[in-house]
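Trainee: Could you take me through one part of this model in detail? I'd like a close look at a single helix and what it packs against.

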Amino acid sequence: MRIIALFILLSCFVVQAFAADTEPQNIKLWDDGRLTWNDFKESTDEKGVTSGLRAWIGVKKTKEKQDDITVYHPVLYTYVDLDRTWTHPDYRTEEALRYNQAVFDLMEYYCRLLQREIDKGLPSIEIEAALRNYLNTYDEQIESMREETVEGRNEKKLAEWEAHIARLLNNVPSSVPVSFVPRNLGYGFALGMNTEFPTGSLAHYFTPSGQFCLGIDLVYKKAHFLADFAGGFTRNRADMQVPYKDERITWQKDKHTVYSTIDLCLGYDVYDSHKVRVMPFAGVVWSQYSKVMDLGQEQRNEVKVAMNDFNVIGGLAVDYKFSTLLSVNPSSWFGHREMYTSSLRMKAYVSYADYDLFEKGFHIGLSVAYSGFARMVRFQ
């Protein structure tokens, strides 16, 4: 379940997927403006070669705030390592500088292509392969441009390449803010504690209970299918006789009793904002009071003595949302993208109980839990 990963998590992908080496410190970004000869170091080591420049692709993980949603968006950028750019002092011509700018611009084009694939939901494991393909194509294009323009000396061919690269950049805009629409499906869980107060004749025999609870939440549009499992302890307020086979077993006053419930409910969002969700729910509940007892026979014989009931339950859940995160990268397991919301879920509910004896009444319950909920999203 991706929620478990988001528990630990939320990672977009590692920087190493985009660059083989650690990014240098002395760089110039494509967005910083056009190259000048001040960006190049002088070198006379390579005879007959005008200059040397290599463009690279880097990545930064940005956090964009859209209302109360934090969007984790990996943004690519093109840069050159200024410590590895050089030029022969005899070849500092306008054409040579334009040629190097064209090399830089072409890498920006492939950077934008890869960014567009990421924004459309390219899985993390495929990003590195896509990068390699783009870089191989880039190297082939640079080799063709180098030969046709003679490293910028052929001004006519250089102008043709500049116009071609300008058209490519115009056709692929740079990264824009992420736009998304929630989808119909979602899933989540809740982990917390319940306390239930018995009423009627149940209150004569049992104290309020404390339980640990685990809930599962499956959602379609505004409808929720809720499955909750809870277990804990209560205490006997009075002696009582519980039937077991053909016997009656005494549950003594002031002894602890295990109290467990499983309920299946349908809920519906009547109000859902960026901060609060209100959901009434109703369904069925299975409940049990039980003890493991030694019946005192000649040989030790521990058995479970229990009272069970299957009945109805209804209540109201309120989620106070304190964090909503969205990653542009799809799930590694399911291949879809999700918006993950962390909430404090508070529930108040009432269930009826009839244990086929004289123990009848209602359980009035209160619950406080952490709720993690993932709603699938579609990017536009």
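Mentor: Sure, let's start from a contact and work outwards. Leu106 touches Tyr138, Gln141, Ile142, Ile165 and Leu168, leaving aside residues up to four places away in sequence. Keep in mind that this is a predicted model. Two of those partners, Ile165 and Leu168, are among the buried residues of helix H4, so let's make H4 our part.

H4 runs over residues 155-171. The helix has 17 residues and spans 25 Å from its first C-alpha to its last, close to the 24 Å expected at 1.5 Å a residue. Its buried residues are Leu158, Trp161, Ile165, Leu168 and Leu169. Look down the axis and those buried residues fall within an arc of 95°, so they line one face of the helix. Turn to the face pointing away from that buried side and you meet the exposed residues Lys156, Arg167, Asn170 and Asn171. At the start of H4 there's also a polar detail to look at: a side-chain oxygen of Asn154 comes to within 3.3 Å of the backbone nitrogen of Lys156.

So what does the buried side of H4 pack against? Those residues pack against H2 and H3, and this takes us to the largest nonpolar core, which has 46 residues. Leu106, our starting point, is one of the four members that touch the most others, along with Tyr109, Tyr138 and Met145. At least two residues of this core come from each of these elements: strand S4 (55-66), strand S5 (69-81), helix H2 (94-119), helix H3 (124-149) and H4 itself. H2 is the biggest contributor, giving 14 residues. Elsewhere there's a second, separate core of 17 residues, with Leu202, Ile249, Tyr259 and Met307 among its members.

While you're on H2, have a look at Gln115, which lies in that helix. Is Gln115 buried or exposed? It's buried, with a relative accessible area of 4%. The side chain of Gln115 does have a polar partner, reaching the backbone nitrogen of Leu76 at 2.6 Å.

Now step back and see what surrounds our helix. The chain has five helices and 17 strands. Of its 380 residues, 49% count as buried. Take the contacts between residues at least 6 apart in sequence, and 72% of them join residues at least 24 apart.

Two bits of strand pairing are handy for orientation. One is an open sheet of three strands in the order S2-S6-S3, with mixed pairing. Its edge strands are S2 (41-42) and S3 (51-52), each pairing on one side only. S3 and S6 (residues 86-87) run antiparallel and are joined by two bridges, with Ser51 standing opposite Thr87.

The other is the pair S15 (residues 302-327) and S16 (residues 337-354), antiparallel and joined by 13 bridges. Gly315 has Tyr349 in S16 as its bridge partner. In S16, 13 of the 18 residues are buried, so that strand is largely enclosed by the rest of the structure.

Back to H4, then: keep its buried face, packed against H2 and H3, in view, and rotate to Lys156, Arg167, Asn170 and Asn171 for the exposed side.

Technical notes. Residues are numbered from 1 along each chain as its sequence is written. This is a predicted model: local features need pLDDT of at least 70, side-chain atom pairs count only at pLDDT 80 or more; totals for chains, interfaces and linings use all residues. Side-chain values use heavy atoms; hydrogens and water are left out. Two strands pair if DSSP finds at least two bridges between them. Helices (H or I, at least four residues) and strands (E, at least two) are DSSP runs, numbered from the N terminus. A nonpolar core is a set of buried Ala, Val, Leu, Ile, Met, Phe, Trp, Tyr and Cys residues joined through side-chain atoms within 4.5 Å. Buried means under 20% relative accessible area, exposed over 50%, partly exposed in between (1.4 Å probe, protein chains only). Contact means heavy atoms within 4.5 Å. The expected span of a helix is 1.5 Å times one less than its number of residues. The arc is that of the directions from the helix axis to the C-beta atoms. A polar contact is a pair of N or O atoms within 3.5 Å; within protein, one must be able to donate a hydrogen and the other to accept it, and residues adjacent in sequence count only if both atoms are side-chain atoms.
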